[in-house]
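Q: I am new to reading protein models. Please choose one part of this one and walk me through it slowly, from its setting to its neighbours.

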Amino acid sequence: MSEGRAGSTTGARGADAGPVGDGRRNQKLRTRRALVEAAVSLVREGRPVTIADAAQVAQVSVATAYRYFSNPQELLRETKTVARGFEAVADLPDDPAERLDLVVSRIADMQLGDEAVWRAVLIASLSRWTEPSEGDDTPIRNRRRLDVTRTALEPLAADLPPDLHRRLTNAVNLVYGVEALVTTRDVCELDPEEAKDVMRWAAGALLEKALREAGRE
């Protein structure tokens with residue numbers, strides 16, 4: 001009888017382990033998300049992002065916040081996940097020019113619509129370059145934009161010489177994204193709509209140039 005009761009108790013605990021574990025994981029995800037959204041709120045309000053302030057906005061303890069993010073730069077890097085808002089390469093048309101124009105337009109709309117967040121992300125990336133953390137081997141910038149550009153230009157891989165296709169991919173990365181946002185808005189003093197149009201025009205011009213060179217070759 002005692003063995004039966006022991007087995008029954010163990011079975012009950014085993015049955016509860018899954019839901020309890022899921023609940024803890026979900027709570028951790030909610031806390032992490034709350035901290036990231038708190039950082040986004042601070043940036044939009046023009047306030048510097050600190051772990052303590054993010055914890056206060058997220059209504060968690062500072063000690064808890066530090067268990068998720070060791071410094072403000074790490075927290076700001078994760079805001080990119082929240083700030084993206086949509087998948088830039090979803091449902092792209094087949095025509096390369098249309099694909100590229102749509103990708104550049106989507107990224108521009110997303111970033112120009114939330115400039116403060118993206119500027120803060122850029123600052124966080126630059127600060128990691130000037131003040132690297134010991135033992136942190138995470139790349140200063142990720143390859144997301146490069147991967148997006150490669151996806152947009154993928155149909156041209158069979159039509160352009162490999163070196164030209166690579167050069168076009170690299171060149172397009174110069175004319176959109178957060179650095180292009182800063183250039184068009186701060187250096188050129190363009191309004192958001194004209195800034196977006198300039199990015200689209202530049203990307204299209206690069207594509208036309210590459211196609212002309214491929215035709216001559």
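A: Here is a close look at helix α5 and some of the places around it.

A word on the ground rules comes before the tour. This is a predicted model, in which local features need pLDDT of at least 70 and side-chain atom pairs count only at pLDDT 80 or more, while totals for chains, interfaces and linings use all residues. Residues are numbered from 1 along each chain as its sequence is written, and side-chain values use heavy atoms, with hydrogens and water left out.

Let's start with the setting. The protein has ten helices and zero strands; both are DSSP runs numbered from the N terminus, where a helix (H or I) needs at least four residues and a strand (E) at least two. Of its 217 residues, 36% count as buried. Buried means under 20% relative accessible area, exposed means over 50%, and partly exposed is in between (1.4 Å probe, protein chains only).

Now to α5 itself, which covers residues 96-112. At 1.5 Å a residue, its 17 residues should span 24 Å, and its end C-alpha atoms are indeed 24 Å apart. The expected span is 1.5 Å times one less than the number of residues. At the start of the helix, a side-chain oxygen of D95 comes within 3.2 Å of the backbone nitrogen of A97.

Is α5 enclosed or open? Twelve of its 17 residues are buried, so the rest of the structure largely encloses this helix. Among the buried ones are P96, L100, V103, V104, S105 and A108.

One partner is helix α7 (residues 144-152), which packs against α5 at an angle of about 155°, with the axes 9 Å apart. That makes the two helices roughly antiparallel. Axes here are lines fitted to C-alpha atoms, for helices over the stretch in contact, and angles run from 0 to 180 degrees between N-to-C directions. Under 35 degrees counts as roughly parallel, over 145 as roughly antiparallel, 65 to 115 as roughly perpendicular, and the rest as oblique.

Which residues meet there? P96, R99, L100 and V103 of α5 meet V148, T151 and A152 of α7, where contact means heavy atoms within 4.5 Å. These residues divide into five nonpolar, one polar and one charged. In this grouping Ala, Val, Leu, Ile, Met, Phe, Trp, Tyr, Cys and Pro are nonpolar, Asp, Glu, Lys and Arg are charged, and the others, Gly among them, are polar.

P96 also touches L156, which sits in the loop between α7 and α8 (162-172). L156 is buried, at a relative accessible area of 4%. Leaving out residues up to four places away in sequence, its contacts also include H165, L168, L207 and L211.

Another visitor is R200, found in helix α10 (residues 192-216). With 30% relative accessibility, R200 counts as partly exposed. Beyond its neighbours within four places in sequence, R200 is in contact with D101, V104 and S105. Its side chain makes a polar contact of 2.7 Å with the side chain of D101. A polar contact is a pair of N or O atoms within 3.5 Å; within protein, one must be able to donate a hydrogen and the other to accept it, and residues adjacent in sequence count only if both atoms are side-chain atoms. R200 and A108 are 92 residues apart in sequence, yet 8.9 Å apart in space, C-alpha to C-alpha.
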